[in-house]
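Trainee: I should like to learn how to read the pockets of a protein model. Could we work through one case together?

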Amino acid sequence: METILSLRNLDKKYGRVHAVNNLSFDIQKGNVYGILGPNGSGKSTTLGIILNVVNRTSGEFSWFDGKMSTHDALKRVGAIIERPNFYPYMTASQNLALICKIKGISTDKIDDKLKTVNLYERRNSKFRTFSLGMKQRLAIASALLNDPEILILDEPTNGLDPQGIHEIRQIIKGIAKNGTTILLASHLLDEVEKVCSHVVVIRKGVKLYSGRVDEMTASNGLFELKVESDEEKLIKLLEDHKGIGSVKKEEDLIIAHLAEQIGSSEMNAFLFQNGITLSHLVKRKPSLEQQFLDLTANN
Ligand code: ADP
Ligand code: MG
């Protein structure tokens, strides 16, 4: 696997604010990464550091296996970390042509990139006539003009209406499908869930989880059980069951967390064969939202 970016023990302090705290993770080619955390958790600061617009306090980061300077590496990166300034009285195409001129890159790809962000039909409209969502899409097109290997977006759907949010997410997924690696910062769990394959969860600059989005949600779930009698025998049976990770009592319910997948009827049959008749059996899975809240809870 090809590593696009590595962070090692990255740290940033603004006076007494520890914005990024010993952060390490890797970005592999072809994946879609989300940096997920509540407001003020250090997402934008992290992006600023790797894009050389914020100075780190300590730690390291390296682009493309450290084979080139950060200055050269950033030519292969497309990023939108603040609302870009386009000229209101110039059209979409004219604005992109100007950016190509400033960056010293060919204008050949302008139409292609306008198509990628669904703005080709509006290419001759003045920027000032664009909705917020269209402005954001033009910003994405501008970040793609140099065919970057990785596209970096900070809160790409902030401030947009539901339709605009959906459209941006579809476009990001399309760009990823074509092989461009993506790193986006978001405070929205459902955005990361919908768009990303991988996630780094941070709170107060500290990494809480990094890995695949689907593995973050890979809890096997739990059983709630109740019996009228023989509760101790039930607890013993559950504790001795190899598919059960932990057993605890919550008020009048027994809660058994699963270490592997077990269906309700399978569990019911197993207990019945061992002389237990349940009065209550429910299988539950903590929602992703609950897992995220547990992960970022202030405790
Ligand atoms: P996020 O993008 O996750 O909302 P930020 O990276 O913007 O978080 O901010 C992380 C922390 O650093 C916050 O406490 C914020 O107030 C602080 N911070 C960010 N930028 C500055 C700055 N230029 N000067 C002082 N404090 C800052
Ligand atoms: Mg931010």
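Mentor: Let us begin with the lining. This is a predicted model. In the second largest pocket, strand 2 provides the largest share of the lining, namely four residues.

Trainee: Which other strands supply at least two residues of that lining?

Mentor: Besides strand 2 (17–28), strand 8 (198–203) and strand 9 (206–212) each do so. The residues that line the second largest pocket include Phe25, Asp26, Ile27 and Gln28, together with His198, Val199 and Val200, and also Ser210 and Gly211. Asn31 and Tyr33 belong to the lining as well.

Trainee: What is the make-up of this lining by class?

Mentor: Five residues are nonpolar, five are polar and one is charged. The space in the second largest pocket is about 150 Å³.

Trainee: What volume does the largest pocket have?

Mentor: Its volume is about 780 Å³. A total of 25 residues line the largest pocket.

Trainee: Which residues lie nearest the centre of the largest pocket?

Mentor: They are Ala79, Ile99, Lys103, Ser142 and Ala143.

Trainee: Which element gives the most to the lining of the largest pocket?

Mentor: Helix 3 does, with five residues. Strand 5 (77–80), helix 3 (92–103) and helix 5 (132–144) each contribute at least two residues to the lining.

Trainee: How many residues of each class does the lining of the largest pocket have?

Mentor: There are 16 nonpolar residues, five polar ones and four charged ones in the lining of the largest pocket.

Key. Residues numbered from 1 in each chain as written. Chains lettered and ligands numbered in written order. Predicted model: local features only at pLDDT ≥ 70, side-chain atom pairs only at ≥ 80, totals over all residues. Heavy atoms only, no water. 1 Å grid on protein atoms, 1.4 Å probe; cavity = no way out; pocket = protein on both sides within 12 Å on 5 of 7 lines; lining within 4 Å. Points joined across faces, edges and corners; volume = space filled by probe spheres on them. Nonpolar A, V, L, I, M, F, W, Y, C, P; charged D, E, K, R; others polar.
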